[in-house]
Amino acid sequence: MATIGTAQASDSVIGEETTFTSPNGVEEKCVRITPIPGGSYSKGDAKDEADYCGIDFYDASVALCPKTWSTSPGMMVYDVSDGKYAGSRAEFERNACKEGKSAKELAADDLAKFKSTMNAKGTSGTFAPSSLLYYHFSRYFDAMVKVPVAVWRSMDAKMHQSEVAEPGLSLSGSRSSGRMNHEGWRTFAAADRDPASYRPTDELFTSDRKQIYGVLLSSPGHRYGSEINGTRKSGWGKGQNEDFQKTPAFLALRSEKRLEEAIAEGLREGRKDLQIARDLGEDGTPQQMVFWMKELTEIVLLDFIFSQQDRVGNIDFTPYYYWSEDGNLKSKRAKHHERGDGSVPPDAVLLRRTNLNDNDAGGRVQYANFAKSTQMLEKLRHFGPGTYARLMALDADLKAQGPIYQWVATSVGLDNGQIEQVVKNTALAAGILRGNCEAGKLIFDLDPETYFVTGKQDAVEVACDGA
């Protein structure tokens, strides 16, 4: 039975709280983090938050499976109210979970993914508050790039051990390609038995040491190829982040030419790489390029502020139909790789809208900030005027320890060093872009919606100091 109220979920997380009781009598919590001041949230955001905080991990119609694919461990939450395993939670967990990604095909629905912090030796770096930062800051910036809703959630450690960690350890051990995933499950299983075995303990366990905590979210989307993620030929780290900056849209962002010429230059130079040319195919239209350019500036800015170390290769998309109707932009989600929809006008254009789904490797001071070390912001010559204005306002607020600073310091579970990193990185980002603005190197012409409707977008004047 869930109860709802407004409270501080732990010593460091604040928001609207929903509580659940585990079979062991441990009170678990789901927290809809207090909205960031100035954030622009949709009705869909509110519904997703409410839906996530309505999930009882122990309901008979809910099944839990270890995520045994990719590099980091996690918990998949499935609806088993219908289908072959209707109401058979234990049977689903026993028989379906071992199918890995295919387990969702045996469930009525895929409800959410539960991700916790995991930074032990040999594991892939993940930090639970990072997803909360990306969700709420993307709403502050009113970003076009689609960042998934995330809520804070705790879970009885002993239930996590028996239902998820021990099965995850067993199943991942049989997968030769999942070395980091398996090591993550080994660490989880040991920590569930003895919380002190994981350091820093506070990053994984609640203060009573009876529960682990993380975030609930869902991250649907299709993975881009080299046309956005880059070729990654130069290997992990700075190399692949340099490759990322040789994609058509990023090359267009680096061009000092007016928008139409920058797009043509980015496409021409980017297509010189045969892999990129093949992956890009026919998708390099001017309308698509402007959307990509705007989304990439938002990605780079967020990654710079939060010291994201694992972006390249993890950028997704969702296809949408776009068309103009009486001077207004209209859109409808499309099916993957499928053109033609009787409910949209015949001249509707199919575009790929970017999803920033994998946001769990930011926020920690120890992470490598590749957007910073490869000077991504310094190289930008095109930018959105609204994004710029919000960045300047954010920088001023953080320096003055205003409402947004207070939100960062109290709402998402950061320690003092992590809070200071957000403040310093924001100041650095603002300084870099302000310097380019004052030098006349920054062109404020990224407005994809206007460009789609009118076929052009002239640069607008922006006060470099944000006033």
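## Arg139 and its surroundings

In this predicted model, Arg139 is buried, with a relative accessible area of 11%; residues count as buried when that value is under 20%. Arg139 belongs to helix α3, which covers residues 128-140.

Two polar contacts involve the side chain of Arg139. One is made with the side chain of Asp45, at 2.8 Å, and another, of 2.9 Å, is made with the side chain of Ser138. When neighbours within four places in sequence are left aside, Arg139 is in contact with Gly39, Ser40, Tyr41, Asp45, Val147 and Val149. Asp45 therefore appears both as a polar partner of Arg139 and among these contacts of the buried Arg139.

## Helix α5

Helix α5 consists of 15 residues, numbered 179-193. At 1.5 Å a residue, the helix should span 21 Å, and the C-alpha atoms at its ends are 22 Å apart, so the expected and the modelled span agree.

The buried residues of α5 are Asn181, Glu183, Gly184, Trp185, Thr187, Phe188, Ala189, Ala191 and Asp192. Among the elements that cover these residues are the strands β4 (62-66), β6 (109-116) and β8 (211-217), together with helix α4 (157-172).

## Tyr198 in the loop after α5

Tyr198 is found in the loop between α5 and β8. With a relative accessibility of 1%, Tyr198 counts as buried. Two residues of α5 that are themselves buried, Thr187 and Ala191, are touched by Tyr198.

Beyond the residues up to four places away in sequence, Tyr198 also touches Thr117, Met118, Asn119, Ala120 and Leu204. Met118 is 80 residues away from Tyr198 along the chain, yet their C-alpha atoms are separated by 9.1 Å. The side chain of Tyr198 also reaches the backbone nitrogen of Asn119, at 2.7 Å.

## Strand β10 and its partners

Strand β10 covers residues 316-325, and eight of its 10 residues are buried, so the strand is largely enclosed by the rest of the structure. With strand β9 (residues 222-223), β10 runs antiparallel and shares two bridges; in this pairing, His222 stands opposite Phe317 of β10.

Seven bridges connect β10 with strand β12 (residues 349-355), again in an antiparallel arrangement. Here Tyr320 has Leu351 of β12 as its bridge partner. Strand β11 (residues 328-333) is also antiparallel to β10 and is joined to it by six bridges, with Tyr322 opposite Ser331 of β11. β10 and β11 form a hairpin in which two residues lie between the strands. Asp326, in the turn of this hairpin, has a positive phi of about 55°.

## Nonpolar cores

The largest nonpolar core contains 108 residues, and the members that touch the most others are Phe57, Phe137, Phe141, Met155, Tyr388 and Leu391. Helix α11 (residues 286-306) supplies the largest share of this core, with 12 residues. Another core, of 12 residues, lies apart from it and includes Trp69, Val80, Tyr85 and Ala96.

Leu391 illustrates the contacts of a member of the largest core. Not counting residues up to four places away in sequence, Leu391 touches Phe141, Leu301, Ile305, Thr426, Ala429, Ala430 and Leu433.

## Disulfides

A disulfide is a covalent bond between the sulfur atoms of two cysteines. Three disulfides are found in the whole structure. When the bonded cysteines are numbered in sequence order, they pair as 1-2, 3-4, 5-6. Cys30 is joined to Cys53, with an S to S distance of 2.1 Å, and the link is left-handed, with -75° about the S-S bond. Because Cys30 lies in strand β3 (residues 27-33) and Cys53 in the loop between α1 (43-52) and β4, this pair ties together parts that are 23 residues apart in sequence. Cys30 and Cys53 are both buried.

Cys65 is bonded to Cys97, at an S to S distance of 1.9 Å, in a left-handed link with -80° about the S-S bond. Cys65 lies in strand β4 and Cys97 in the loop between α2 (89-95) and β6, so parts that are 32 residues apart in sequence are tied together. Both cysteines, Cys65 and Cys97, are buried. A disulfide also joins Cys437 to Cys464, with S to S 2.0 Å; the torsion about this S-S bond is about -80°, so the disulfide is left-handed. The pair links distant parts of the chain, 27 residues apart, with Cys437 in helix α16 (residues 416-438) and Cys464 in the segment after α17 (448-454). Both Cys437 and Cys464 are buried.

Note on methods. Residues numbered from 1 in each chain as written. Predicted model: local features only at pLDDT ≥ 70, side-chain atom pairs only at ≥ 80, totals over all residues. Heavy atoms only, no water. Helix = DSSP H or I, 4+ residues; strand = E, 2+ residues; numbered from the N terminus. Buried < 20%, exposed > 50% of the residue type's maximum accessible area, 1.4 Å probe, protein only. Polar contact = N/O pair within 3.5 Å; in protein donor to acceptor, adjacent residues only side chain to side chain. Contact = heavy atoms within 4.5 Å. Expected span 1.5 Å × (residues − 1). Pairing = 2+ DSSP bridges. Core = buried A, V, L, I, M, F, W, Y, C linked by side-chain atoms within 4.5 Å. Disulfide = S-S within 2.5 Å.
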